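Thank you all for coming; I would like to walk you through one model today, going from the separate chains to the place where they meet. Please keep the sequence and the three-dimensional view open while I talk.

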Amino acid sequence: MALNQDYVGKVYPPGPAYLVGREKVREFATAIGDDNPACHDVAHAASLGHPDVVAPPTFAIVIAMQALDTAILDPGLGLDYSRVVHAEQRFAYTRPLRAGDSVVTTTTIESARVVAGNDMLTTRSDIATESGEPICSCWNVLLARAAGEES
Amino acid sequence: MAATVAFADVEVGTELPPLTARFTRATLVGYAGASGDFNPIHWNQRVAREVGLPDVIAHGMLTMATAGRVVTDWVGDPGAVLEYGVRFTRPVVVPDDDAGATVEITGVVADKRDDGTVRVDLTARFEGQTVLGRAQAVVRLP
């Protein structure tokens, strides 16, 4: 099933704000085996110039995924989610994400292509503070394997 | 632990301290809970096999996050990472045993720029094969 080309460029406005919690940052860091004190110890983070613990660089996916679901599950887009694999992920930071940040995410469908018979969807989720300070852009590439193809 | 490396001390070809990570089913359950990604292919063998996988596989984002530690451990401040991107090229299959899956990660400085940043290229290997493609991070060094 081809992706609907009319959706390229479509922008999904932010939902409710996401408050980055100190314990969530610590929990995420622990889950990825990251004992960097900047992610756990407020005083250490402060010594590096941060107001609170710093999120590991891939933590933004936790925030982006919530926003992304609205886009990739949009019925008009035509993505067969049951056949999706995560093909590519990229983050670009304007400034670090830290506990205490209250952020909103705007998601844009950047491209919807067919690659070797498979649907390939690229979205960009822009994370900013509620007052509009940009923090991070997250590019997510999903590949929906063509029906009938087995891995 | 402040930033452990300075721009002036780094050259193209400088190798970062490598890292060996072990993913067990418990690691995957922990990452599922922390990240909110509860896709059953990461914890349910029956579902994984139904979709054609050999067994439960690790979240690609867990592998990406773990590989990123090579960079953040090196620079000290995770906030020094300006860009980080990967392609997911092969799954990391995690058996239901105590040994789990072992992923070996290495990093090397591939570019040094006039703006005080360096690009680190990362390699993640599982069972001798790379599982990430074009894994690159751009970091600002003091």
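I will take the two chains in turn, then their interface, then the core and one loop residue.

Before anything else, please bear in mind that this is a predicted model, and that everything I say is computed from it.

Let me begin with chain A, which has 3 helices and 6 strands, arranged from the N terminus on as β-β-α-α-α-β-β-β-β. Taken along the principal axes, its C-alpha atoms fill a box of roughly 55 × 35 × 20 Å, and of its 151 residues 38% count as buried. If we look at the contacts in chain A with a separation of 6 or more, 73% of them are accounted for by residues 24 or more positions apart.

The later strands of chain A deserve a slower look. Strand β4(A), residues 102-115, runs antiparallel to strand β5(A), residues 118-129, and 12 bridges join the two. The hairpin that they form has 2 residues between the strands, and within this hairpin A:Ala116 takes a positive phi near 50°. On its other pairing, β5(A) is antiparallel to strand β6(A), residues 134-144, over 10 bridges; here the hairpin has 4 residues between the strands, and A:Gly132 is the residue with a positive phi, near 100°.

Which residue can we use to step across these strands? I would suggest A:Ser125 in β5(A), which is the bridge partner of A:Thr107 and also has A:Cys138 in β6(A) as a bridge partner.

Turning to chain B, we again find 3 helices and 6 strands, but read along the sequence the pattern is β-α-α-α-β-β-β-β-β. The C-alpha trace of chain B spans about 50 × 25 × 25 Å along its principal axes, and buried residues make up 42% of its 142 residues. Among the contacts in chain B between residues at least 6 apart in sequence, 65% join residues at least 24 apart.

Within chain B, I would like to draw your attention to α1(B), whose buried residues are B:Thr27, B:Leu28, B:Tyr31, B:Ala34 and B:Ser35. Why do they lie on the same side of the helix? They cover an arc of only 130° around the axis, and therefore they sit on the same side of α1(B). As a reminder, an α-helix has 3.6 residues a turn, so residues three or four places apart point the same way. What covers the buried residues of α1(B) comes from both chains, including α1 (22-31) and α3 (60-72) of chain A together with β1 (19-23) and α3 of chain B. After the helix comes B:Gly36, which has a positive phi near 85°.

That brings me to the interface itself, where 32 residues of chain B are in contact with 30 residues of chain A. On the side of chain B that touches chain A, the elements giving two or more residues are α1 (25-35), α3 (60-75) and β2 (81-88) of chain B, and α3(B) provides the largest share, with 10 residues. By class, this side of chain B has 16 nonpolar, 10 polar and 6 charged residues.

The chains also pair through strands: β3(A), residues 84-93, runs antiparallel to β2(B), and 5 bridges join them. If you want to locate this pairing on the screen, A:Ala92 stands opposite B:Glu83 in β2(B).

Next, the core. In the largest nonpolar core, which has 82 residues, A:Ala60 and B:Val139 touch the most other members, and the largest share of this core, 9 residues, comes from α3(B). Leaving aside residues up to four places away in sequence, A:Ala60 touches A:Phe91, A:Leu97, A:Ile127, A:Cys136 and A:Cys138.

I will finish with B:Val93, in the loop between β2 and β3 (101-112) of chain B. How does B:Val93 count in terms of exposure, and why? B:Val93 counts as partly exposed because it has 16 C-beta neighbours inside 10 Å, whereas 20 or more would make a residue buried and 12 or fewer exposed. Again not counting residues up to four places away, B:Val93 touches B:Pro54, B:Asp55, B:Ile57 and B:Ala101. Its C-alpha atom is separated by 9.3 Å from that of B:His42, although the two residues are 51 residues apart along the chain.

Notes: Residues are numbered from 1 along each chain as its sequence is written. Chains are lettered from A and ligands numbered from 1 in the order in which they are written. This is a predicted model: local features need pLDDT of at least 70, side-chain atom pairs count only at pLDDT 80 or more; totals for chains, interfaces and linings use all residues. Two residues are in contact if their C-beta atoms, placed from the backbone, lie within 7 Å. Ala, Val, Leu, Ile, Met, Phe, Trp, Tyr, Cys and Pro count as nonpolar, Asp, Glu, Lys and Arg as charged, and the others, Gly among them, as polar. Two strands pair if DSSP finds at least two bridges between them. The arc is that of the directions from the helix axis to the C-beta atoms. A nonpolar core is a set of buried Ala, Val, Leu, Ile, Met, Phe, Trp, Tyr and Cys residues joined through C-beta atoms within 7 Å.
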